[in-house]
Amino acid sequence: MNNIPETKRCLGPCLRDLPLTLEYFSTHAHGKYGFQSRCRDCNKETQRLFHLEHPEVKAASDKRWALANPDKVKVNHARHRTTEKWKKTLQKNWLAAKYNLTEEGYQKLWDEQKGLCAICGLPEPEGKRLHVDHDHARDVVRGLLCGKC
């Protein structure tokens, strides 16, 4: 005879009565009826708060997972590299590292040149940005150029 109830009270912060299914509770070998005492939502929130208080634990956990799942990491990175947000972040970081130039500084130069190449005066090609021209010796940005110039 199976005496498993249909509902179970979450013993986490929510204290809700929920259906005793895998949708609401994770399994636990030593838990009553084989389920954890807290619902999935409460477990997730508790874990989120712990990781906010202990970022070093989260970083170590993420690193272990990444080392154990290189194929998943590779697929995930490949997917993110195609997004516009990723491209903008790379561009911003490149400008800062290579030319000590912020995105606002680039935009200011672009506005001053009216979006035209500083040498030939042609507009930037569709879907491309003007290149940063700089003096290597003095490490100074001189202007923005098209790919040909």
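Me: Which residues line the second largest pocket?

Reply: Bear in mind that this is a predicted model. To read a pocket, start with the residues around it, then ask which elements they come from. Here the second largest pocket is lined by Gln91, Trp94, Leu95, Tyr99, Tyr106, Arg129, Leu130, His131 and Val132. Its volume is about 160 Å³.

Me: Which helix and which strand each supply at least two residues of that lining?

Reply: Those are helix H4 (84-99) and strand E3 (131-135). H4 gives the largest share, four residues.

Me: And how do I read the chemistry of that lining, by class?

Reply: Sort the lining residues into nonpolar, polar and charged, with Trp and Tyr going into the nonpolar group. For the second largest pocket you get six nonpolar, two polar and one charged.

Me: What does the lining of the largest pocket look like by class?

Reply: There you count one nonpolar, two polar and five charged residues. The lining consists of Glu84, Lys87, Lys88, Leu90, Gln91, Gly127, Lys128 and Arg129, and the volume is about 210 Å³. Gln91 and Arg129 appear in this lining, and they turn up in that of the second largest pocket too.

Me: Back to the aromatics. How many aromatic pairs does the structure hold?

Reply: Just one aromatic pair. To read a pair, look at the distance between ring centres and then at the angle between the planes. The rings of Trp94 and Tyr99 have centres 6.4 Å apart and planes at 85 degrees, so this pair is edge-to-face; the cut-off for that label is over 60 degrees. Both residues are also in the lining of the second largest pocket.

Me: Is Tyr99 buried or exposed?

Reply: For this, check the relative accessible area: under 20% is buried, over 50% is exposed, and partly exposed lies in between. Tyr99 comes out at 14%, so Tyr99 is buried. Its ring partner Trp94 has 47%, which means Trp94 is partly exposed.

Me: Let's try a residue in a loop. Where is Ser26 found?

Reply: Ser26 sits in the loop between strand E2 (17-19) and helix H1 (40-53). A loop position doesn't settle the accessibility, so look that up separately: Ser26 has 18% relative accessibility and therefore counts as buried.

Me: What does the side chain of Ser26 make a polar contact with?

Reply: The partner is the side chain of Arg40, at 3.5 Å. For the wider surroundings, skip the neighbours within four places in sequence; Ser26 is then in contact with Gly34, Phe35, Gln36 and Arg40. Arg40 thus shows up in both readings.

Terms used. Residues are numbered from 1 along each chain as its sequence is written. This is a predicted model: local features need pLDDT of at least 70, side-chain atom pairs count only at pLDDT 80 or more; totals for chains, interfaces and linings use all residues. Side-chain values use heavy atoms; hydrogens and water are left out. On a 1 Å grid over the protein atoms alone, a cavity is a set of points where a 1.4 Å probe fits but cannot get out, and a pocket is an open set with protein on both sides within 12 Å along at least five of seven lines; lining residues have an atom within 4 Å of a point. Grid points are joined across faces, edges and corners, and a volume is the space filled by probe spheres set on the points. Buried means under 20% relative accessible area, exposed over 50%, partly exposed in between (1.4 Å probe, protein chains only). A polar contact is a pair of N or O atoms within 3.5 Å; within protein, one must be able to donate a hydrogen and the other to accept it, and residues adjacent in sequence count only if both atoms are side-chain atoms. Contact means heavy atoms within 4.5 Å. Rings of Phe, Tyr and Trp (its six-membered ring) pair if their centres lie within 6.5 Å; planes under 30 degrees apart count as stacked, over 60 as edge-to-face and the rest as tilted.
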